[in-house]
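Okay, thanks everyone, let's get started. I'll put the structure up and then walk you through a few parts of it.

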Amino acid sequence: MSATIPDSMQALVGNRLATARLANYALGKPCGDGVKVQTVPTPNISDTEILVRVKAVALNPTDFKHVDFLAPKGAIIGCDFAGTVAKVGSKAPGNWKVGDRAAGWVHGGLYYDRGSFAEFLKVPGDLAWKVPSSVSDEAASTYGVSAVTAMLALNARLDVPWADGGPEGGQRDSPVFIYAGATSAGLYAIQVAKLAGLKVVTTASPRSHDLVKQYGADDVFDYRSPTAADEIIRAYPQINRALDCFSEGGSTDFCIKVVQKAKGKVVTLLDRGKTTDDGVEVDFLLGYGAFNLPYQWMPPVGPRFSANPSDNAALRRFYASLHDICDQLRPPPLKSIEGGLHNLPKGLDLLRKGQVAGTKLVARLE
């Protein structure tokens with residue numbers, strides 16, 4: 001079943017050859033024009049997928065990193081989305097109907113027929129969630145990369161009890177430490193942990209202390225203070241779980257120090273290259289495995305990544321429950337970018353320059 005669907009659509013696509021992306025990687029910064037709005041074929045869906053007419057998108061650092069270093073020329077950019085179902089595959093799970101409101105995320109920046117910065121996108125029926133009328137398109141679009149990262153880190157990696165009331169017990173007897181709580185992933189992680197009944201300790205700049213407390217943090221420390229880690233250790237010596245939502249500079253070392261006494265575990269979002277550090281387990285989380293498809297960056301020479309069936313199961317579980325619990329998981333403060341697809345590069349550049357703090361950039365595409 002489907003609505004009227006055009007054969008082609010507008011999309012924001014990568015515009016760098018492999019040589020330019022390699023040069024960017026070597027220089028550590030982008031040069032030249034990285035994206036352009038282009039007419040491309042509307043995606044064809046499989047029997048298990050739905051086609052979504054995109055109404056709103058959220059922007060993430062992974063988007064500009066794909067543009068600068070990873071996206072093949074012509075690949076559709078963008079991960080997070082919200083919209084309405086335009087077509088349903090004959091075997092698509094989820095009991096979808098044309099016109100239903102849907103949101104989620106896709107692996108943008110790698111494929112020519114899959115990305116959210118476009119008029120239409122395709123996604124497996126069980127890897128999107130049904131948006132209630134109480135949630136705006138812009139807000140719904142934020143329950144993608146950031147919210148899923150928080151869920152995979154806490155529920156699937158750090159033994160935090162699930163919010164859907166499943167039979168698993170999870171660990172409830174120690175606090176969780178979240179580095180960079182004012183990031184979008186950090187704000188979702190704070191709430192995921194609080195839904196499980198846990199005490200949450202986090203870091204943020206002083207200007208964001210009130211923000212993270214509004215989202216549920218029990219205690220917050222200034223990460224720039226040279227004594228912050230020692231203060232956390234003294235106050236919470238039993239902490240044995242940490243999520244590093246920044247994963248640059250010295251943030252992972254900070255997290256390792258906090259959980260070292262308890263010989264705990266740290267989940268980081270950038271590959272540290274080792275799985276143990278001073279007796280602490282370090283787990284690198286890359287959420288794209290949740291789509292359960294192998295993929296490669298910069299083929300044929302770049303790193304290959306495997307499908308992750310357990311993360312796929314966790315994502316399906318999270319999205320199956322999100323319609324009922326989204327009122328308990330507030331989106332980050334939103335900042336809108338006007339101008340649709342053509343102005344998205346300005347938002348990506350703000351993220352690239354580190355000029356976005358305490359807010360989530362979103363945009364309407366219609």
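I'll go through one helix, then the nonpolar cores, the aromatics and finally the salt bridges. Keep in mind that this is a predicted model.

So, helix H4 to begin with, residues 145–157. How many of its 13 residues are buried? The count is 12, so the rest of the structure largely encloses this helix. Among the buried ones you have Val-145, Met-151, Leu-154, and also Asn-155 and Arg-157. After the helix comes Asp-159, and that residue has a positive phi, near 60°.

H4 also matters for the next topic, the core. The largest nonpolar core has 110 residues, and the members that touch the most others are Ile-50 and Phe-177. Which element gives the most to this core? That's H4, with eight residues. Where does the core sit relative to the domains? Domain 1, which is 8–143 plus 331–364, and domain 2, 147–289, both contribute residues, so the core lies between them.

Have a look at Phe-177 while we're here. If you skip its neighbours within four places in sequence, Phe-177 contacts Val-201, Thr-202 and Thr-203, then Ile-232 and Ile-239, then Arg-241, Ala-242 and Leu-243, and finally Phe-254, Cys-255 and Val-258. Apart from the big core there's another one, of 10 residues, including Met-9, Val-13, Ile-45 and Phe-120.

On to the aromatics. Searching the whole structure turns up 12 aromatic pairs. Take Trp-129 and Tyr-143: the ring centres are 5.2 Å apart with the planes at 70°, so that's an edge-to-face pair. Trp-129 is in strand S7, while Tyr-143 is in the loop between helix H3 and H4, so the pair ties together parts 14 residues apart in sequence. Are these two buried or exposed? Both are buried.

There's also an aromatic cluster, made up of Trp-105, Tyr-288, Phe-291, Tyr-295, Trp-297 and Phe-305. And two arginines sit over rings. The charged end of Arg-317 is over Trp-162, 4.2 Å from the ring centre. Then Arg-330 lies over the face of Tyr-215, with 4.0 Å to the centre of that ring.

Last topic, salt bridges, and the structure has 19 of them. Helix H3 comes up twice here. First, Asp-137 pairs with Arg-101, at 2.9 Å from N to O. Asp-137 is in H3 and Arg-101 in strand S5, so this bridge ties together parts that are 36 residues apart. Asp-137 is buried, at 12% relative accessible area, whereas Arg-101 is partly exposed at 25%.

Next door in H3, Glu-138 bridges to Arg-364, and the closest N and O atoms are 3.2 Å apart. That one links distant parts of the chain, since Arg-364 is in strand S18, 226 residues away from Glu-138. Glu-138 counts as buried at 17% relative accessibility, and Arg-364 is partly exposed at 29%.

Over in helix H5, Lys-194 meets Asp-218 at 2.9 Å, N to O. Asp-218 is in the loop between helix H6 and strand S10, 24 residues from Lys-194. Here Lys-194 is partly exposed at 30%, and Asp-218 is partly exposed at 36%.

One more for the road: Arg-16, Asp-68, Asp-349, Arg-352 and Lys-353 are joined in a salt-bridge network. That's what I had, so over to you.

Note on methods
Residues numbered from 1 in each chain as written. Predicted model: local features only at pLDDT ≥ 70, side-chain atom pairs only at ≥ 80, totals over all residues. Heavy atoms only, no water. Buried < 20%, exposed > 50% of the residue type's maximum accessible area, 1.4 Å probe, protein only. Helix = DSSP H or I, 4+ residues; strand = E, 2+ residues; numbered from the N terminus. Phe/Tyr/Trp six-rings, centres within 6.5 Å; stacked < 30°, edge-to-face > 60°. Lys NZ or Arg CZ within 6 Å of the ring centre and 35° of its normal. Core = buried A, V, L, I, M, F, W, Y, C linked by side-chain atoms within 4.5 Å. Domains from an automatic or database assignment. Contact = heavy atoms within 4.5 Å. Salt bridge = Lys/Arg side-chain N within 4 Å of Asp/Glu carboxyl O.
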